[in-house]
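Biologist: I have not looked at this one before. Can you put it on the screen and take me through it?

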Amino acid sequence: MKKKLFLSLLVSAVTVALSSPAFAADEYNVVNGVTLAGQPLGMHGVDPVSMFGGSEPQTGDAAYTSQHDGVDYYLASSEAQQRFNAAPEAYLPQFGGFCAFGIYVGKKLDGDVRYADIVDGKLYLFVNKAIFEKYLENKEEVIVGAYAKWPGIRAARVEDL
């Protein structure tokens, strides 16, 4: 009986411990599941610092994990991790990593690092090539519109939009 009670309490404790990342998943585009640290993974494991290097985005390494606002990010090196830790907001994608054009139209769509743009030092991700090309037709309108829409949908569940 004690063993059954212990297991029940253990399951409850794990459920409570893992429930906080679910909140972050509402505001951040994260991979399903959690990292070894128990947090959801942002940017599909791509190093956000590498997005600002002018070359191809680099896959991060779990050995260089940094956490920001309940989300883990994998960095490609200790140098990238130090840069990220010093100023995470400088490297994180806008709108929690969701597609900027999706936010502009009131949806939370997956942000893909292959379709990214940096404007005024801020990283914007897009869901696919077609949407990225549509964004390029009027960048300023999309960005301004997305910033206007974001506060109203930031905490909304993806399924509710």
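Biologist: Which residues line the largest cavity?

Modeller: The lining of the largest cavity consists of Asn-29, Gly-42, Met-43, His-44, Tyr-73, Pro-93, Gly-96, Gly-97, Gly-111 and Leu-125. A cavity here is a set of points on a 1 Å grid over the protein atoms alone, where a 1.4 Å probe fits but cannot get out, and lining residues have an atom within 4 Å of a point. This is a predicted model, in which local features need pLDDT of at least 70 and side-chain atom pairs count only at pLDDT 80 or more, while totals for chains, interfaces and linings use all residues. Residues are numbered from 1 along each chain as its sequence is written, and side-chain values use heavy atoms, with hydrogens and water left out.

Biologist: How much space lies in the largest cavity?

Modeller: About 60 Å³. The volume is the space filled by probe spheres set on the points, with grid points joined across faces, edges and corners. With a cut-off of 30 Å³ or more, the count is 1 cavity.

Biologist: And how does the lining split by class?

Modeller: There are 4 nonpolar, 6 polar and no charged residues in the lining. Nonpolar covers Ala, Val, Leu, Ile, Met, Phe, Trp, Tyr, Cys and Pro, charged covers Asp, Glu, Lys and Arg, and the others, Gly among them, are polar.

Biologist: Back to Met-43. Is that residue buried or exposed?

Modeller: Met-43 counts as buried because its relative accessibility is 5%. Buried means under 20% relative accessible area, exposed over 50%, and partly exposed in between, with a 1.4 Å probe and protein chains only. Met-43 is in the loop between strand 2 and strand 3. Its phi is positive, about 55°, although Met-43 is not a glycine.

Biologist: What is the usual sign of phi?

Modeller: Most residues other than glycine have a negative phi.

Biologist: Where is Asp-120, and what is its phi?

Modeller: Asp-120 is in the loop between strand 5 (112-119) and strand 6 (122-126). It is not a glycine either, and its phi is positive at about 50°. Asp-120 counts as exposed because its relative accessibility is 76%.

Biologist: Let me step back. How many helices and strands does the chain have?

Modeller: The chain has 5 helices and 6 strands. Both are DSSP runs numbered from the N terminus: helices are H or I with at least four residues, strands are E with at least two. From the N terminus, the order is α-β-β-β-β-α-α-β-β-α-α.

Biologist: What share of the chain is buried?

Modeller: Buried residues are 41% of the 161 residues.

Biologist: Pick helix 2. Which of its residues are buried?

Modeller: Helix 2 spans residues 78-86, and Ala-80, Gln-81 and Phe-84 are buried there. Seen down the helix axis, the buried residues fall within an arc of 100°, so they line one face of helix 2. The arc is that of the directions from the helix axis to the C-beta atoms.

Biologist: What covers those buried residues?

Modeller: The cover includes strand 3 (61-68) and strand 4 (71-75). Contact means heavy atoms within 4.5 Å. On the face turned away from the buried side, helix 2 carries the exposed residues Glu-79, Gln-82 and Ala-86.

Biologist: His-68 is in strand 3, right? What does it touch?

Modeller: Strand 3 is the place of His-68. Not counting residues up to four places away in sequence, His-68 touches Tyr-73, Phe-84, Pro-88, Glu-89 and Leu-92. The side chains of His-68 and Glu-89 make a polar contact of 2.8 Å. A polar contact is a pair of N or O atoms within 3.5 Å; within protein, one must be able to donate a hydrogen and the other to accept it, and residues adjacent in sequence count only if both atoms are side-chain atoms.

Biologist: New topic. Which side chain makes a polar contact with that of Gln-94?

Modeller: That of Tyr-147, at 2.8 Å. Gln-94 is in the loop between helix 2 and helix 3 (100-104), and it counts as buried because its relative accessibility is 14%.

Biologist: And what joins Tyr-124 and Tyr-147?

Modeller: Their side chains are joined by a polar contact of 2.9 Å. Tyr-124 is in strand 6, and its contacts beyond four places in sequence include Gln-94, Phe-95 and Tyr-147.

Terms used
1 Å grid on protein atoms, 1.4 Å probe; cavity = no way out; pocket = protein on both sides within 12 Å on 5 of 7 lines; lining within 4 Å.
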